[in-house]
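Trainee: Could you take me through one part of this model up close? I'd like to see how the strands there fit together, and then how that part connects with the rest.

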Amino acid sequence: PHSLNRRQFLRNAGGSAVSLAVIKPGSVWSSQANSRIRLGLIGCGGRGVWIAALFQEHGGYEITALADYFPEKTLAAGEKFAIPANRQFTGLSAFEKLLDSKTVDAVAIESPPYFHPSHARAAVEAGVHVFLAKPIAVDVAGCDTVAESAKKATQRNLVFWVDFQTRTDPFYREAIKRVHYGEIGQVVCTEATYHAGPTWDKQSVYLKKQPVSAEDRLRAWGLDRMLSGDVITEQNIHALDVATWALDAPPLHAVGSGGRYREYGTCWDHFSVLYQFPHEVELTFHSKQLGLGQDDILCRIYGSEGTLDTDYSGSVSIRGNLPYKGG
């Protein structure tokens, strides 16, 4: 029944989505039409500053407050976005100080994944809208907490948005809608990969100190399994999300292995996993975050009448009896 209702909705709505970037402020936020939304940034690292700049470039948002564990991060972001010192909050409780300041209507949460559940919950409790980086958490308990926060946000008429770029891409949306309509026939098997070179090498400098302090671990969070959820959660989730989206179901179970080539940190840098989905559909997954010469994020869904081929940095298409050129 859930799948049928979902597909009916897609037919009726034409597969459209509503995002923070297209909702008129006056229709969701209790403010005058065309007013700018006050946005607080929680996590002022490289991606956080990049995301905040995109909001600012959109024109409907004003960056009004910053929060990060480290003062030099908020200072640099403050200079970029012209945020006064009294709205730059630091320390482990910086996110609480930002929310208590009553200077934001919404927050973009770009902190290490370990903190996403607590940061998102606090934002919803404070009555502000949430743009949450993936992954939403590093464990099942954290995912459950985020799900509860999202439900509460909906009840309070708050936007709660998770940053999966592929979910809003028109080529992905159209191609996967066609898979759900049965245009590649019965799905038989699938594959997904996430291949990248070294990603967190710059952070390793903090782990070369002995002993490694709690602050060092936080600065090198991308190499810390507890803080990042490991590479399969922190980054590979993009490819795995496309597969579960296309199959319209979560996996039933999985078995896999992996290891670590890099010298520092607790995260693995390569994985091989076999996922079992309903109707005896298997997904073979492989990832690496080392070496050179191969970078790609892809997913292929093999059906009895065609194949869906998605490439994060390339094209999305369907080949078969009912082809979709995509783009």
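Mentor: Let's start with β9 and β10: in this predicted model, 8 bridges hold β9 to strand β10, residues 281-289, and the two run antiparallel. Look across the pair and you'll find F271 standing opposite S287 in β10. Now follow the chain round the bend. β9 and β10 make a hairpin with 3 residues between them, and H279 in that turn has a positive phi of about 65 degrees.

β9 has another partner too. Strand β8 (residues 253-259) is joined to β9 (residues 270-277) by 7 bridges, again running antiparallel. One pair to pick out there is S257, whose bridge partner in β9 is S272.

Next, see what the hairpin packs against. The largest nonpolar core has 32 residues, and among those with the most contacts inside it are Y275, L283 and F285, along with I232, I301, L308 and I318. β9 and β10 each supply at least two residues of this core, and so do α8 (170-180), β7 (187-196), α11 (231-234), α12 (237-247), β11 (296-303) and β13 (316-320). The top contributor is α12, which gives 7 residues. Zoom in on L283 and you can see some of this at work: leaving aside neighbours within four places in sequence, L283 is in contact with T190, E191, A192, L240, A243, V273, L274, Y275 and F277. There's also a second, separate core of 21 residues, which includes A94, L98, L132 and F160.

Now let's move along to a loop. T166 sits in the loop between β6 and α8. Is T166 buried or exposed? Its relative accessible area is 3%, and the cut-off for buried is under 20%, so T166 counts as buried. Not counting residues up to four places away in sequence, T166 touches Y172, D241, V242, W245 and Y312.

On to the other sheet. This one is open, with 6 strands in the order β3-β2-β1-β4-β5-β6 and parallel pairing. At its edges are β3 (88-90) and β6 (160-163), each pairing on one side only. On average, neighbouring strands of this sheet are turned by 20 degrees against each other, direction ignored. At the β3 end, 3 bridges join strand β2 (residues 61-68) to β3, and those two run parallel. D68 has T90 in β3 as its bridge partner.

What about the cysteines? A disulfide is a covalent bond between the sulfur atoms of two cysteines. The structure holds 0 of them. C143 has a relative accessible area of 30%, so it falls between the buried and exposed cut-offs of 20% and 50% and counts as partly exposed. C189, at 33%, is partly exposed as well.

Finally, step back to the whole chain. You can count 12 helices and 13 strands, and buried residues make up 48% of the 327 residues. Of the contacts with a separation of 6 or more, 63% are between residues 24 or more positions apart. As for confidence, the mean pLDDT of the chain is 90, and 90% of its residues reach 70 or more. Go carefully with residues 1-33, though: pLDDT stays under 50 there, and the model has 43 contacts beyond four places in sequence for that stretch.

Conventions
Residues are numbered from 1 along each chain as its sequence is written. This is a predicted model: local features need pLDDT of at least 70, side-chain atom pairs count only at pLDDT 80 or more; totals for chains, interfaces and linings use all residues. Side-chain values use heavy atoms; hydrogens and water are left out. Two strands pair if DSSP finds at least two bridges between them. Helices (H or I, at least four residues) and strands (E, at least two) are DSSP runs, numbered from the N terminus. A disulfide is a pair of cysteine sulfur atoms within 2.5 Å. Buried means under 20% relative accessible area, exposed over 50%, partly exposed in between (1.4 Å probe, protein chains only). Axes are lines fitted to C-alpha atoms, for helices over the stretch in contact, and angles run from 0 to 180 degrees between N-to-C directions. pLDDT is the predictor's confidence in each residue, from 0 to 100. Contact means heavy atoms within 4.5 Å. A nonpolar core is a set of buried Ala, Val, Leu, Ile, Met, Phe, Trp, Tyr and Cys residues joined through side-chain atoms within 4.5 Å.
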